Structures are given as C-alpha cells and as structure tokens.
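Subject: Structure handover

Hello,

I am passing this structure on to you. Please open it first, then read my notes below.

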Amino acid sequence: MQNQFFVAVVGAGPAGLFGARELANAGARVVIFNRDVKPGGLAEYGIYFSKHIMKEGLRKQFHNVMDNPNIDYYGNVTVGAQGDLSLDDLRALGFQAVLVAAGAQGTKWLGLPGENLTGVYHAKDVVYSYNKLPPFAQKPFRFGRRVAVVGAGNVMVDISRFLLREQKVDEVIAVVRRGPAEVKFDKKEMEHIVAYLDPSALDAEMARSTPIMQAVGQDPAAAKAAILESLPKAEAKTSDSRFRFEFLASPVQMLGDADGNLTQIEIEENSLSLKDGQTKARGTGVKRMLDVETVIFAIGDKVDESFGLPVEWNEFVKSTTPKFPIDNISFESPIEGVFVGGWSRKASEGLVGYARKDGTNASRAVWQYLQTLSPTDPNLEGVEAKVNSLSKPIVRKEDVKRLEATEAEEAQKRGLEEFKFDNNEDMLNAMGMTMTA
Ligand SMILES: Cc1cc2nc3c(=O)[nH]c(=O)nc-3n(C[C@H](O)[C@H](O)[C@H](O)COP(=O)(O)OP(=O)(O)OC[C@H]3O[C@@H](n4cnc5c(N)ncnc54)[C@H](O)[C@@H]3O)c2cc1C
C-alpha cells in the first residue's frame, strides 16, 4: 500500500514486538529484524524454563503481534555495525525511522583478575544456555560442586535455582555487595530456593552484618524476616544442596590452577555508609578466600557497544533535549530518526511488563517523529531482495509457525510439557531450510 510510514524495528523481544504493534496499529508499515530465529527475546530465552504458563501466555500475545498484516518479520538477521545489515543499510532501504529494541546484549564484567578462567561465567550466558538459545546452548559450562553467584536480584535467584534444583551442586553462595536489607529479589522467586537456605549460616551472616546495618539505621530483624518471608510457600528440595549468603562482600579476584580452572574467589568485606539517603558499600580491606569451582556474575547487562550507536555508562546515549518525550522520558538517540526502547534504552530494567510499556512508549515517540515527515511507498521488495542477498537462511513469520508446530509435536511425542530445538541447524531443518540458504 502506498502512503504509509515505513519503520524498521530491531529486535523481537517484548519491547520490539509491542513497539511494532503500536506502530502497525497506528497505520505504519513495520519490518522487524531479529537476531534470533524465534521472537520473544528474554521472555523466551531469559525467563526460567519451567515457568510454562507464563511463557505460553506471552507466546500467545507475541503470535498475535506477529499475525498483524502491517508487520513483517525477518529472523536470523542481525542489525549493527558488524551485523548482516547496518543502520545505513536500513536508511538506504527507505526506512523513515528505526526503533532499536535489541535488549542489552553486552556483557558487564567488573574487570577483575581471573575473569578468563574456566568456570567463570556471566549470568546471561548460563540463562541463554538453559533456555536453549543457540549458540549458547552448545557452549560447555563447568558447574563445579561449589558455586558463587555474585548478585542480589531475581537473576541471582534464577541461577541459584538452576544450580540447586537441576545441577544439584553441593553449595551455592550468593555474594552480595551490600547487606541483608538491600537484596533485590522477589519473595515469589525466593520460594524456589528458600528450602535450601542454611539457617545457621544465615544467623552467622546476620550477626556479622548487624553492627554495620545498625550504624546506618537499618533493622536487621526486619531484613531477616523479609528474606525468610517466602518460607511458608517453600518449594520442596530436590537434593541436599545448601544455599547461603555472603553479605557485605565484593569479589576481588578469581584464582585458578595450572590448567586455568577456577579454584577460589577472593572477596573483600564491605561496610555501609549513607549518602543522600542511599546506602553505599565500601571495602574494609579485610579479604577472605572462598573455595569454589564456578563463579557466575549476575550483576546486570549492558548494551552492545559494537551496535553502531554511541554508548555511555553501559547504555545507548539518549538525547537530553528530546523533541518527542513520552512521560518525560527520552527515547531518541542522537542520530536523527533512530529511537531506543526496552532494555536497549535502560539495560536490565524491569520485567516483561516494563519492557512492553517502554517499547510502546518508544513507538509513540517514533509516531510523533513520523508526523514531521510524509508517508511513503514502503520498499518491501527492496527489503526482501536485500535479505535474500545475505548468505544465510532468513526466517519469516510462516517459518516460525512451522518451527513451533514441529516443536509442539515433538513435545507431545516425548511426553514433555515443552520441547525446544537447541541449535540453529535443527531449527532450520524443522522449517524445511538448510544452513546455507
Ligand atoms: C534471567 C532472566 C530472567 C527473567 N525472568 C523474568 C520473569 O520471570 N518475568 C518477567 O516478567 N521478566 C523476566 N525477565 C525480564 C524480561 O525478560 C525483560 O524485561 C524483557 O525481556 C526485556 O525486553 P526487551 O525487548 O527490551 O529485550 P530482550 O527481551 O532482550 O529482546 C531483545 C531482542 O533483540 C534481538 N536482538 C539483539 N541484538 C540484535 C541485533 N543486533 N539485531 C537484531 N536483533 C537483535 C534478540 O534476538 C531479542 O529477540 C527476566 C530477565 C532475565 C535476564
């Protein structure tokens, strides 16, 4: 159809999909380019694999978006300076605006000695792997008997849940920079691991933390009660594994053996101070070693610095004087016509509902920007020719449907609640495609 606005959306996570829907419903012609074969982003490949009902519910909503006739989908296509298509390519194809909703794909490291040892991982790699996202699903992991997970949020809990319930490791130690009052996980998530929590280890940590907490006006008893709030609904244990916290502790370095395998993590004890009503952790100089074979950093993500947009403080730069703010938030990159939404706007912020709202609002900003331009004749043939010229298989809406139908059949055959192919080759086979298009 002639006279439509023509918009590219990069990424088919919740932000990209709901952003695309917003624009399509407003009348724009939208093309989604997605790195992964399947849509869903972290809703598919981040949310814990056994949350079947939640994931199925989200998939239904995503199918709905994908069925919108104003939206095209190209999966297995990476956009970026080193991707299959650059932002300049998108412009050359006639897209009048680009919404970047590619999540936060960069890996946040603390830059500590020993991060390259075997057994040291970033949470996202582990999460992508147990959720069967290629190529992470093929990556070997060394999950030893004792594991330190650095972090205090829901991702730390998800990883610990996997280690305790699936890997059945002997011990998981959550290394938390600040104190018991600053943990960030939800009670609901804690229900899955609280049965593993060693009560005497918690008491010892509370005793160690109490004077530091009291010095900044915190209530240790209330913090302990909050951590244990999930106990009445504790999920039964599947092993004798043990879970404990090391509060007020920051990793300093990881040490390994001659073969490059992790053997220890050194932590430094922290004290707390108050600044502008916020507690800050400060190293005390007191250091200790923990014997562990695996360390997993669950400290949040950052955007992909190689994408081709300017980055500052782990985030894509947003205009500080946006022309189209929504709820006082800037979704505008410094590059004219390029907008950011979801975890690409604010890395590791919020749950699916937040990403959905953020993607939708980003699209409202895009729509306002489009009103300053004239509608065009969307160059769908040009886009089709361009993606066909890429030397790789391209996944379209109907292919995704075929893949999901095959996986559903496979799950039924195997008597599983869910089945996913864990590599691109099997996925492409299921869609009747081959690795070389
Ligand atoms: C471990 C973990 C567990 C979680 N559990 C829950 C939960 O239980 N409940 C809940 O509500 N929320 C949960 N979340 C949060 C939720 O997953 C996120 O809020 C949401 O997925 C972020 O959406 P997004 O669209 O911004 O990014 P993402 O979901 O990351 O989607 C990004 C999309 O962009 C694509 N992409 C990336 N780079 C490119 C590129 N260069 N070119 C093209 N495409 C690209 C990716 O393939 C992906 O499809 C969890 C998150 C994590 C990490």
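Here is what turned up, starting with the ligand and moving on to the cavities.

Keep in mind that this is a predicted model.

The ligand first. It is surrounded by 34 residues. The closest are N34, L42, K51, V79 and W343. By type, the shell holds 20 nonpolar, 10 polar and 4 charged residues.

Three backbone contacts involve ligand oxygen. A polar backbone atom of L42 sits 2.7 Å from an oxygen atom of the ligand. For P14, the distance from a ligand oxygen to a polar backbone atom is 3.3 Å. For L351, it is also 3.3 Å. On its own, the ligand exposes 1,000 Å², and the protein buries 94% of that. Five elements each give two or more residues to the shell: α1 (14–26), β2 (29–34), α2 (42–45), α6 (154–166) and α10 (352–370).

Now the cavities. Searching the whole structure gives 2 of 30 Å³ or more.

The largest holds about 70 Å³ of space. Its lining is P39, H63, M66, D67, K397, V400 and K401. Two or more of these residues come from each of α3 (52–66) and α12 (397–414). The largest share, 3 residues, is from α12. The lining splits into 3 nonpolar, 1 polar and 3 charged.

The second largest holds about 40 Å³. P39, E44, R59, F62, H63 and E404 line it. Here α3 gives the most, with 3 residues. This lining has 2 nonpolar, 1 polar and 3 charged residues. Note that P39 and H63 appear in both linings.

Best wishes

Technical notes:
Residues are numbered from 1 along each chain as its sequence is written. This is a predicted model: local features need pLDDT of at least 70, side-chain atom pairs count only at pLDDT 80 or more; totals for chains, interfaces and linings use all residues. Side-chain values use heavy atoms; hydrogens and water are left out. A residue is near a molecule or strand if one of its heavy atoms lies within 4 Å of it. A polar contact is a pair of N or O atoms within 3.5 Å; within protein, one must be able to donate a hydrogen and the other to accept it, and residues adjacent in sequence count only if both atoms are side-chain atoms. Accessible areas come from the Shrake-Rupley method with a 1.4 Å probe; for residues, only the protein chains shown count as cover. Helices (H or I, at least four residues) and strands (E, at least two) are DSSP runs, numbered from the N terminus. Ala, Val, Leu, Ile, Met, Phe, Trp, Tyr, Cys and Pro count as nonpolar, Asp, Glu, Lys and Arg as charged, and the others, Gly among them, as polar. On a 1 Å grid over the protein atoms alone, a cavity is a set of points where a 1.4 Å probe fits but cannot get out, and a pocket is an open set with protein on both sides within 12 Å along at least five of seven lines; lining residues have an atom within 4 Å of a point. Grid points are joined across faces, edges and corners, and a volume is the space filled by probe spheres set on the points.
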